[in-house]
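Open your viewer and get ready to click along. Each stop tells you what to select and what to look for there.

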Amino acid sequence: MARPVSHAAVVAAIVRKDLREFGRDRLWLILTIVGLALFIGVFWLLPGSVDETIRVGVTPPDLADTLIGFSAEETRGGTGDAASQEAQPTQGLEVVRFDSAAKLRAVVSGEADGPDVAVGLAFPADFAGAIERGAPVTVTVYVASGVPPEVRQAMESAVREIAYFAAGAAEGADPADVVPVRQETVVLGPDRAGEQVPLRERMRPLLAFFVLMMESLALAGLIAVEIQRRTVTALLVTPASLTDVLTAKSLLGTSLAFSEAVLMLALTRSFGAGWSVLLAAALLGAVIVTGTALVSGAAGRDFMGTLFLSMVLLVPLAIPAVTVLFPGSTAVWVKALPTYGVMEVFVRVTSYGESWAELWGPLALAALWCAAVFGAGLLVLRRKVRTL
Amino acid sequence: MSAARIFTVFRKDLKLGPRSPIFLYAVILPVLMTFVVQVAFTSLFEPAPRLGIVDRGDSELTAAAEGLDGIQVSRLDDDAGLRRLVEANDLDAGLVLPPGFDDDLRAGRQPELRFYIGGESLASNRVILSVTTLDLVRAVEGAAAPVDVVVEDFGGGTLPLSSRLVPLIVMYALVMAGVFLTAFAVVDEREKRTLDALIVTPVRLGEVLLAKGSLGFVVAVVMAFVTLVLNDALGGSPAGLLVTVVVAAAMSTALGLVFATAARNVQMLFALIKGTGFLIVGPVIFYLFPDWPQWIARIFPTYWFIDPLYRVALQGDTLADVWWELAIALGLTLAALVAVVALARRMQARLAVE
């Protein structure tokens, strides 16, 4: 006499079987472990701060203050390592004083060790006096290897501007009259100078997506093998129904993707005050990639075919995570992609500390997409199994 | 060996090849990588300051700004649009030039200059844009600067990151077509047993390998050239570039044939390529980090074709400058082909008993 078996027991049995198969598939197992370690490693290797300073060496030392005047705010601190070289960081400029032009030249050219300066400005010793007398004055700008043209250009401009101010001062002119325009400067939006989001933080959504993507590929591979070998039809002559099989595949895919994403987020110290929102977003992301795995697994004819189809489906889903890396507003078509809501939540929780109240919009959008993609996946796989 | 039989197999692969995902990878991915590397990575690691200008009076300043190196300048129609773009961080800064700006400037009337700075712009970009703008204003004013500026540049031969990434993209094109496409074409036929069917016809195994290799070679040459064109890296020596690309494609294809004859199935092929992948792509990393000891790159076999390619395509070298490196690459290609012959004999013996 056959004992009735509950659906939960059947689903659990299929999940156990799939987990065993996943464990035996060395390719995906190794890729999962190595990939996870790699993504976490990459995260910690990326710069944790934004370098928004141009380091400039100046000689003679007393002209450093004039250069610092170009910055909106002036803060003092930090030291250079060579004798009498005091580094002075301001907004956008860090000025290092050098005793002699020879030493400055040697440091910028890399011939001598010294403070890390990209550009050196060597003014003549009697710069102000020569300007006052109207004598010809030449300033040398030393430019190190790899300095972008706009920095070189700006430093040349800065030297000329210092000379204009020195000439104005010598004539006793009001500094406001030395500038040929009435300049009105307005900062638009929250001023993040000195508090920029570092590349490490901006990469977090993309790395989380890579983890989700890897599990999607593994699940697609598992499903494709079942379809190709038709073992799924063998399953259906047992007490397992098609719904049980689909539930088991969905549960396995979602839980694998979700648990790895959570592990990755935990090991990159992403969980702060907004941990619950982050978990919700990770779960929605896991369900979306599981939905794509159901489609590619059902449609793939062989290993390469499944891999190709998975990539075709997953690459567009990675676009919202990639756009986070770049400054500027997000294009409307990117906002229409299924993973946009999930990535938006990742960014706004980890970089700006936002909470449920501010993030319900992107979460609702992600939930809608989640239902659509997952529903499509179930439909495609169900139809495929029925045709076997 | 029969050229007619080789051509028949080649033609069949050329006809059926585009249906294979690997063929599509080999054609699409180098183009995609060019886009990603040139657009994404260069703006990620070397972001150029972005300046928007609303010019209500056709000022000379706008044209001068557009001619600046390293600064992206866009013209806008209205103040509100400029403010919106600066606030959304689509621009680092914005400039509004009123009508008659140039005339007022030259007459010493100190015209108004509205300068918007984006809150999310980098502090360094703010300094660059504000100082450069002031210098442009001085240039339009026409006043002689009270100082001469002499620039001593120690830049030497360091190329920008976007150029140093070109070897990576070209290597990718060569590996996908020369190595992967060639190897997969053979292993896939072996796995699906169609190779068994082929070699019971008058076609010999050597002819099949040569036909598969020829297809990989042709696609590798084409994709390497496409990648170089897309990256604007054609150098000044067309003959040198052609020879270098041909040698690079030949060596990639020879490596592909080694993998093709060594792997028994697709999984094994993946494992072999992944396991030895660092030996193939290793040298391109050294172009990204010019401060590393460059001699280490010479340990990798693929260095001997990628370095001549880099020098001819990007540094203006000619065939005369790189011939001895290409000779080493050809020597390595011959060594790989000797290995292919030995592995093909073993493969034929296995096919006979499988």
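What should the 12 residues of helix α13 (residues 303–314) of chain B span at 1.5 Å a residue? They should span 16 Å, and the end C-alpha atoms are 16 Å apart, which agrees. Keep in mind throughout the tour that this model is predicted.

**Stop 1: around α13(B)**

Stay with α13(B) and show its surroundings. In this helix 11 of the 12 residues are buried, so the rest of the structure largely encloses it. Try selecting some of those buried residues, including Trp304(B), Phe305(B), Asp307(B) and Tyr310(B). Now add their neighbours: the buried residues of α13(B) pack against several helices of chain B, among them α8 (166–191), α10 (205–230) and α14 (319–353). After the helix, click on Gly316(B), which has a positive phi, near 80 degrees.

**Stop 2: a helix with a kink**

One of the helices packed against α13(B) is α12 of chain B, so select residues 266–288 next. This helix has 23 residues and reaches 32 Å from its first C-alpha to its last, close to the 33 Å expected. Where is the kink in α12(B) centred? Look at Thr276(B), where the helix kinks by about 50 degrees. Buried residues of α12(B) include Leu269(B), Phe270(B), Ile280(B) and Tyr287(B).

**Stop 3: a sheet built from both chains**

Now colour the two chains separately and select the strands of an open, five-stranded sheet with mixed pairing, in the order β6(A)-β4(B)-β3(B)-β1(B)-β2(B). Why is one side of β6 (182–188) of chain A and of β2 (72–76) of chain B left without a neighbour in the sheet? Both stand at the edges, each with a single partner strand. From one strand to the next, the twist averages 20 degrees.

Zoom in on β6(A) and β4(B), which pair in the parallel sense over seven bridges. Here Leu188(A) stands opposite Gly118(B). Further along, β1 (residues 50–55) and β3 (residues 93–97) of chain B also run parallel, joined by five bridges; Ile53(B) has Leu95(B) as its bridge partner. Then show helix α4 (residues 79–87) of chain B, which lies across the five strands and runs at about 165 degrees to β3(B).

**Stop 4: where the chains meet**

Finally, select the contact between the chains, with 65 residues from chain A and 58 residues from chain B. On the chain A side, α6(A) supplies the largest share, 15 residues. That side divides into 35 nonpolar, 20 polar and 10 charged residues.

Technical notes. Residues are numbered from 1 along each chain as its sequence is written. Chains are lettered from A and ligands numbered from 1 in the order in which they are written. This is a predicted model: local features need pLDDT of at least 70, side-chain atom pairs count only at pLDDT 80 or more; totals for chains, interfaces and linings use all residues. Two strands pair if DSSP finds at least two bridges between them. Helices (H or I, at least four residues) and strands (E, at least two) are DSSP runs, numbered from the N terminus. Axes are lines fitted to C-alpha atoms, for helices over the stretch in contact, and angles run from 0 to 180 degrees between N-to-C directions. Two residues are in contact if their C-beta atoms, placed from the backbone, lie within 7 Å. Ala, Val, Leu, Ile, Met, Phe, Trp, Tyr, Cys and Pro count as nonpolar, Asp, Glu, Lys and Arg as charged, and the others, Gly among them, as polar. The expected span of a helix is 1.5 Å times one less than its number of residues. The bend at a residue is the angle between axes fitted to the seven residues ending there and the seven starting there. A residue is buried if 20 or more other C-beta atoms lie within 10 Å of its own, exposed if 12 or fewer, and partly exposed in between; C-beta atoms are placed from the backbone.
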